[in-house]
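Hi,

Here is the structure I promised to pass on to you. Have a look at it first, and then read my notes underneath.

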Amino acid sequence: FIVIPCNSVHLLIEDIRKSVGIPVLSIVEETVSFVKQKGISHIGLLATSATIRKKLYEDIFQQNAIFVINPDNVDQDQMGEIINNLVHSRQDDVDKNKLLVITQKLADKGVNTIILACTDLQLITPSISNVEILDTMQILVQATVREILIDLPLD
């Protein structure tokens with residue numbers, strides 16, 4: 001099977017699945033399944049602007065009765081700058097503090113669980129008391145290990 005450790009690339013997952021002859025594990029589907037299993041009904045979403053604009057997560061979360069809260073436009077613009085800096089190996093406390101402020105604003109809107117829906121964000125994962133941060137990369141890693149172990153022969 002194929003694993004794609006990037007959320008934004010999943011905008012093309014159906015095309016990818018059609019073009020290959022093996023299964024493609026979806027970071028989005030695995031994340032939604034994980035959130036649903038935990039019984040979470042509202043989540044905050046931190047992602048690239050393309051992921052937000054194309055509703056990569058929102059549509060499937062909505063189909064599963066999970067309400068998504070995104071950063072406002074100003075904060076989403078800042079998310080773009082933060083992610084761009086991370087992609088270019090430029091990370092510092094300024095970006096980490098900006099991400100913390102954005103995360104706190106989502107928490108102030110009543111969000112108790114926030115999804116890091118950009119695999120670069122794990123490099124500066126924010127921490128706020130009473131808010132669970134779910135990293136889509138970690139969820140994908142766990143799903144990958146699960147899939148590998150399914151095919152291992154028992155001795």
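Below is what turned up, going from the strands to the salt bridges, then the pocket and the aromatic rings. One thing to keep in mind throughout: this is a predicted model.

Let's start with the strands. Strand 3, residues 42-46, is a good place to begin, as it has a partner in strand 4 and another in strand 5. With strand 4 (residues 67-69) it runs parallel, and three bridges join the two. If you want a spot to look at, find H42, whose bridge partner in strand 4 is F67. Strand 5 (residues 113-116) also pairs with strand 3 in the parallel sense, again over three bridges. Here L45 is the residue to click on: its bridge partner in strand 5 is I115. Strand 3 is mostly covered, with four of its five residues buried.

Strand 5 then carries on to strand 6 (residues 132-135). Those two run parallel as well, joined by four bridges, and I114 stands opposite I133 of strand 6. In a regular strand, side chains alternate between the two faces of the sheet. So which residues of strand 5 sit on which side, and are they buried or exposed? T113 and I115 are on one side, I114 and L116 are on the other, and all of them are buried, so both faces of the strand are covered.

Now the charges. Side chains of opposite charge can pair when their charged atoms come close, and the model holds seven salt bridges. Here are some of them:

- E30 with R146: the closest N and O atoms are 3.0 Å apart. This one ties together distant parts of the chain, since E30 is in helix 2 (residues 27-37) and R146 is in helix 7 (residues 136-150), 116 residues apart. E30 counts as buried because its relative accessibility is 15%, under the 20% cut-off. R146 has a relative accessible area of 37%, so it is partly exposed.
- E147 with R146: the closest N and O atoms are again 3.0 Å apart, which gives R146 a salt bridge to E147 as well as one to E30. E147 comes out at 23% relative accessibility and therefore counts as partly exposed.
- E132 with K38: the closest N and O atoms are 2.8 Å apart. This pair also links distant parts of the chain, 94 residues apart, with E132 in strand 6 and K38 in the loop between helix 2 and strand 3. Both ends are partly exposed: E132 has a relative accessible area of 30%, and K38 has 41%.
- E14, R17 and E29: these three are linked in a network of salt bridges.

Two members of that network, E14 and E29, show up again in the lining of the largest pocket. Rolling a probe the size of a water molecule over the atoms shows where empty space is left. The largest pocket has a volume of about 160 Å³. What lines it? The residues are H10, L11, I13, E14, S26, V28, E29, K55, L56, D59 and I60. Helix 1 (13-19), helix 2 and helix 4 (58-63) each give two or more residues to that lining. By type, the lining divides into five nonpolar, two polar and four charged residues.

From the lining, I60 is worth a quick click. I60 lies in helix 4 and is partly exposed, because its relative accessible area is 22% and the buried class stops at 20%. I60 and R17 are 43 residues apart in sequence, and their C-alpha atoms are 18 Å apart in space.

Last, the aromatic rings. A pair of them is described by the distance of the centres and the angle of the planes. How many aromatic pairs does the count come to? The count comes to one, formed by Y57 and F61. Their centres are 5.8 Å apart and there are 25 degrees between the planes; the pair is stacked because that angle is under the 30 degrees cut-off. Both Y57 and F61 are buried.

That's the lot from me.

Cheers

Key:
Residues are numbered from 1 along each chain as its sequence is written. This is a predicted model: local features need pLDDT of at least 70, side-chain atom pairs count only at pLDDT 80 or more; totals for chains, interfaces and linings use all residues. Side-chain values use heavy atoms; hydrogens and water are left out. A salt bridge is a side-chain nitrogen of Lys or Arg within 4 Å of a carboxyl oxygen of Asp or Glu. Buried means under 20% relative accessible area, exposed over 50%, partly exposed in between (1.4 Å probe, protein chains only). Two strands pair if DSSP finds at least two bridges between them. On a 1 Å grid over the protein atoms alone, a cavity is a set of points where a 1.4 Å probe fits but cannot get out, and a pocket is an open set with protein on both sides within 12 Å along at least five of seven lines; lining residues have an atom within 4 Å of a point. Grid points are joined across faces, edges and corners, and a volume is the space filled by probe spheres set on the points. Ala, Val, Leu, Ile, Met, Phe, Trp, Tyr, Cys and Pro count as nonpolar, Asp, Glu, Lys and Arg as charged, and the others, Gly among them, as polar. Rings of Phe, Tyr and Trp (its six-membered ring) pair if their centres lie within 6.5 Å; planes under 30 degrees apart count as stacked, over 60 as edge-to-face and the rest as tilted.
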